[in-house]
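Me: I'm new to this and would like a close look at one part of this structure, the cavity and what lines it. Could you then walk me outward from there to the rest?

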Amino acid sequence: MARVGAGIVILAVVLALVGPFVTPYDPAGQELPLRLAGPTGTHLFGLDELGRDIFARVLAGARISLLVGLVVVSVSATIGIFLGAIAGYFGGRVDESISRVMDILLAFPGLLLAIALVAVLGPSLTNVVIALSLIGWVGYARLVRGQVLRARELEFVQAARALGARTSRILLRHVIPTTLPAVTVQATLGMGAAILAEAALSFLGLGVQPPTPSWGTMLNGGRAHLLDAPHLTIFPGIAIAVLVLGFNFLGDGLRDALDPATSQRR
Amino acid sequence: MLRYFARRLLLTVPVLLGVATLVFSLIHLIPGDPAQSILGETASPQEVADLRQRLGLDRPLVEQYGLFLRGLVRGDLGRSLRTSQPVTAMIVERMPATMELAAAAMVFAIATALPLGIAAAVWRGTAVDHSAMTLALMGISIPNFWLGPLLAIVFAVELGWLPVSGRGTWAHLVLPAISLGAALAAILARMTRATLLEELREQYVQAARARGTSAVRAIIRHAFRNSLIPVVTLVGLQFGAVLTGAVITETIFAWPGIGRLLIQSIGFRDYPLVQGCILLIAITYVGVNLLTDLVYSVLDPRIRYN
């Protein structure tokens, strides 16, 4: 399954990069007389309500999805690793303060806080990335904090401390590297989650704004044409589901590889 | 047990205060002047000043915060900017619809996930297991904002079996409940399989089998009952995901609940109503999590002593 997942992710990345060379159609180009036309040999996924080629737009949407996923995961993981590591390593009031902030953020279910933040900041791709990153770091911080609590008691960490190594060096060179395998798994699964969240926000009209092609925005546009042109809904949806499935397969596979006990349990 | 309950309740107070503070700050995160932003560029300075006064934005921040908390304790969340109705009344009116949808989604999820998880664990490593788990992974990956329209295309448009939107009869509930419950069903099925597999390895199950208990009885009466504890906990913890999912599902199926109200109020920049909806969903989520913790501590006394 992990290989299937890796295959899907690599294919998506390649298609996102070479998209403009795979299809002769411009994602923004309109053929109004053919609006809402179904899939044909020339337009593989058909055309949307403005006569734009859906295949070209799905390929362009892959760029947005992967970009959002990458930025959100990078920013969240960096903040989460930093705060989780100092909370776990220093304990005491530092840990208390960071943990209370995490408790408050975790008191909001999933996307709700992202919806709230985008509602006040205004709908845009940048604000979606900001909102998802502000929420996403908590998961990494909680994971890293737990790992660091264990790691700080390990002999090589205590040895480094006894040898007089600076705290920043102990954290960066000895403690944080022990958390990276778990963070990698979380980041892989987090890519899928971020892609799904961006699509959900765009679907609700709170994310990427038209005419920029995003899978969620395309699904939103398809809602008005469920009866007469279901292909507007079907193809962007397949793209989201397959890419998220790819990241989930890959994340599950990585977790099994890094912790064989989970594959026994699952 | 009472001491544990009291401690757990006390720990909830700062979280609720934090949630209220965050929701209060939302309106202050609006770039520029919130009143100007709500009314738009064409509004006159007088209109902006009136709205600032109406929202209490002309008072010092600390006073605004105090008034917000005082209103919250009294159940007064202000008035909608669009309809001038009390926010609390508008939310209370929509609450039953959201709860009905969330309950139906959870019933669907549990009814689907348990048989699927049990079958996967009992026939571990077979085609049944692989099919069930692939289905579960698909359930997690397929977004409800795609599954919903897809179900509507097949069962409402093509087959004409069920209504495409609205609320009224049980038939209206079927598609939204499936759309909302599918992801939870997938997560629960995976969890049921995992915990049941662990229980099946335990000696008491093997001892029951050695005493001549049938395989079905050993699985259902012994192993499955014990594997239910983490599953019940997961159901509680996933309630938040169901509430957030309801925002999307209600929008797709025009279901008149809080989720739809939230999205509509965002569209109208009706921020008091946005704050009210967010606050209510978050408080419900905290409450359900608290309840789950308490139920868990009753089911598994070890939790209370740790």
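Reply: First, a bit of vocabulary: a cavity is a set of grid points where a 1.4 Å probe fits but cannot get out, and a residue counts as lining if it has an atom within 4 Å of such a point. Keep in mind that you're looking at a predicted model.

So, how many cavities of 30 Å³ or more does the structure hold? Just one. Its volume comes to about 30 Å³. To find the largest cavity on your screen, go to chain B and pick out B:Met95, B:Thr98, B:Met99, B:Leu243, B:Ile258, B:Leu280, B:Ile281 and B:Thr284, which line it. Two helices of chain B, H5 (87–122) and H13, each give at least two residues to this lining. What's the chemical mix there? Six of the lining residues are nonpolar, two are polar and none is charged.

Now for an open space. The second largest pocket holds about 700 Å³. It has 24 lining residues, and the ones closest to its centre are B:Arg54, B:Leu55, B:Phe68, B:Leu77 and B:Gly78. Helix H13 of chain B turns up again here, giving two or more residues to the pocket lining, as do helix H3 (45–55) and helix H4 (61–74) of that chain. H4(B) has the largest share, with six residues. By class, you'll find 11 nonpolar, seven polar and six charged residues around this pocket.

Follow H13 a little further and you get to the other chain. H13 (271–299) is among the chain B helices that give two or more residues to the side touching chain A, along with others including H1 (2–26), H6 (127–141), H7 (144–158) and H8 (170–200). That side of chain B divides into 35 nonpolar, six polar and five charged residues. In total, 46 residues of chain B are in contact with 45 residues of chain A.

How much area do the two chains bury between them? About 3800 Å², and carbon and sulfur atoms give 78% of that. Three residues stand out on the chain B side: B:Ser141, B:Phe145 and B:Trp146 supply 16% of the area that chain B buries against chain A, more than any other three.

There are polar links across the interface too. Seven residue pairs there are in polar contact, with both partners at pLDDT 80 or more. The count of salt bridges between the chains is one. You can spot it by zooming in on A:Asp252 and B:Arg190, whose closest N and O atoms are 3.1 Å apart.

Since that salt bridge takes us over to chain A, let's finish there. Chain A has 10 helices and zero strands, and its C-alpha atoms fill a box of roughly 75 × 40 × 30 Å along the principal axes. Two of its loops are worth a click. In the loop between helix H1 (2–22) and helix H2 (54–90) of chain A sits A:Leu36. Phi of A:Leu36 is near 70°, a positive value in a residue other than glycine. Further along, the loop between helix H7 (167–203) and helix H8 (215–222) of chain A contains A:Pro211. The peptide bond leading from A:Pro210 into A:Pro211 is cis, with omega near 10°.

Note on methods:
Residues are numbered from 1 along each chain as its sequence is written. Chains are lettered from A and ligands numbered from 1 in the order in which they are written. This is a predicted model: local features need pLDDT of at least 70, side-chain atom pairs count only at pLDDT 80 or more; totals for chains, interfaces and linings use all residues. Side-chain values use heavy atoms; hydrogens and water are left out. Contact means heavy atoms within 4.5 Å. Buried area is the accessible area (1.4 Å probe) that two parts lose on being put together, summed over both. A salt bridge is a side-chain nitrogen of Lys or Arg within 4 Å of a carboxyl oxygen of Asp or Glu. A polar contact is a pair of N or O atoms within 3.5 Å; within protein, one must be able to donate a hydrogen and the other to accept it, and residues adjacent in sequence count only if both atoms are side-chain atoms. Helices (H or I, at least four residues) and strands (E, at least two) are DSSP runs, numbered from the N terminus. Ala, Val, Leu, Ile, Met, Phe, Trp, Tyr, Cys and Pro count as nonpolar, Asp, Glu, Lys and Arg as charged, and the others, Gly among them, as polar. On a 1 Å grid over the protein atoms alone, a cavity is a set of points where a 1.4 Å probe fits but cannot get out, and a pocket is an open set with protein on both sides within 12 Å along at least five of seven lines; lining residues have an atom within 4 Å of a point. Grid points are joined across faces, edges and corners, and a volume is the space filled by probe spheres set on the points.
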